[in-house]
Amino acid sequence: MIAAKGYAAQDPKTPLGPFSFDRREPGPHDVQFDILYCGVCHSDLHQVRDEWGGSIFPMVPGHEIVGRVTAVGSDVSKFKVGDLAGVGCLVDSCRHCENCSDGLEQYCLNGHSQTYNGTEQDHKTPTYGGYSNVIVVDEAFVLHVDERLDLAAVAPLLCAGITTYSPLRHWKVGKGHKVAVLGLGGLGHMAVKFAASFGAEVTVLSTSPGKEEDAKRLGAHKFVVTKDPEQLKGVQGYFDFIIDSVSAAHDYNMYLGMLKTDGVHICVGAPPTPSQIVAFSLIPGRKSLAGSMIGGLPETQEMLDYCAEHNITSDIELIDMKDIETAYERMLKGDVRYRFVIDMKTL
């Protein structure tokens, strides 16, 4: 076994702190790499505080992981020692169901293995994430990272990036489409960058007027303050798509009114409480309320390659490991532009 160190939550009420644990030795198909940076996702906070239920403790969060390969198994063909590597939200899946065969491992019909707060495919061994110094993952779930990009700013692409890239590609968003991005945070700022890069007209919907300048710097063409009734009047029935990145409670019915006929409201944020949807927000106009997760491994690699080609990364604030609880509190207040990333040499 490999002695690893990380930061873990022992229960939903206790702050994260140092934690020692073991990683497996690399098997024939495994890649081992030192973690250099790990992004901080809002789902880390939800899960360490057990807001979604079913949290497994002790928990080492983190699923936006980048680093450099230090060892490979005897049968590994895609990586060599010294390569940059990334791991996102998945470290395994059944690999044989219909979805896995189609490169949709995120929707594995038999249950994928999450990078943390999950179990390996034996359904017993707990998984520990990227708030740690080293990780060992089957090469089928390890991604190539281009040397041309800022590695720290690449880390959030492994969740925030692919979570917004995937629905935009699935619904074939591009030139001629009017897209609203609801919420300009870790997910939202990546949705703006991708939708603009794909050629769509992008409008940011936000409660914060102070984010307008940033929204336009990121690529948005328009900005609507959702607390202003006059501004809302101008976008009724306007959008083909809404990418909803908000993870706090909000009124979906209000936003469904902003869609054109056959418009699609795509949820990528996950509020902790249920919401009421009025049927007549959907029926007139044949509108859809949809959801989307991360992409599978092929699409995630496609996204990383696209980012390298178009020089797209996340806007980040680099933090020390010891400051994670402060980062969580700031994240709750929206006080980050737009993703915290942990410098793992501070572990």
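Select Lys-172 to begin: in this predicted model, the residue lies just after helix H4 and takes a positive phi of about 55°.

Step back next to H4 itself, residues 160–170, which is mostly covered, with nine of its 11 residues buried. To display that buried set, pick Ala-160, Gly-161, Ile-162, Thr-163, Thr-164, Tyr-165, Ser-166, Pro-167 and Leu-168. Around these residues, bring up helix H5 (186–197) and helix H9 (297–310), together with the strands E13 (239–244), E14 (259–267) and E17 (339–343), since the buried residues of H4 pack against each of these elements.

Now keep H4 and H9 on screen and hide the rest. Two packed helices are described by the angle between their axes and the distance between the axes. Here the angle is about 100° and the axes are 10 Å apart; an angle from 65 to 115 degrees counts as roughly perpendicular, and H4 and H9 are therefore roughly perpendicular to each other. On the H4 side of the contact, select Gly-161, Ile-162, Tyr-165, Ser-166 and Arg-169, which meet Glu-299, Thr-300, Glu-302, Met-303 and Tyr-306 of H9. Coloured by character, the residues of this contact divide into four nonpolar, three polar and three charged.

For the last stop, go to Asn-117, placed in the loop between strand E7 (113–114) and strand E8 (134–138). Is this loop residue buried or exposed? Asn-117 has a relative accessible area of 10%, and because buried means under 20%, Asn-117 is buried. Leaving aside residues up to four places away in sequence, Asn-117 touches Gln-47, Gly-54, Ser-55, Ile-56, Met-59 and Thr-127, and with the side chain of Gln-47 its own side chain makes a polar contact at 2.7 Å.

Note on methods:
Residues numbered from 1 in each chain as written. Predicted model: local features only at pLDDT ≥ 70, side-chain atom pairs only at ≥ 80, totals over all residues. Heavy atoms only, no water. Buried < 20%, exposed > 50% of the residue type's maximum accessible area, 1.4 Å probe, protein only. Helix = DSSP H or I, 4+ residues; strand = E, 2+ residues; numbered from the N terminus. Contact = heavy atoms within 4.5 Å. Axes fitted to C-alpha atoms, helices over the stretch in contact; angles between N-to-C directions. Parallel < 35°, antiparallel > 145°, perpendicular 65-115°, else oblique. Nonpolar A, V, L, I, M, F, W, Y, C, P; charged D, E, K, R; others polar. Polar contact = N/O pair within 3.5 Å; in protein donor to acceptor, adjacent residues only side chain to side chain.
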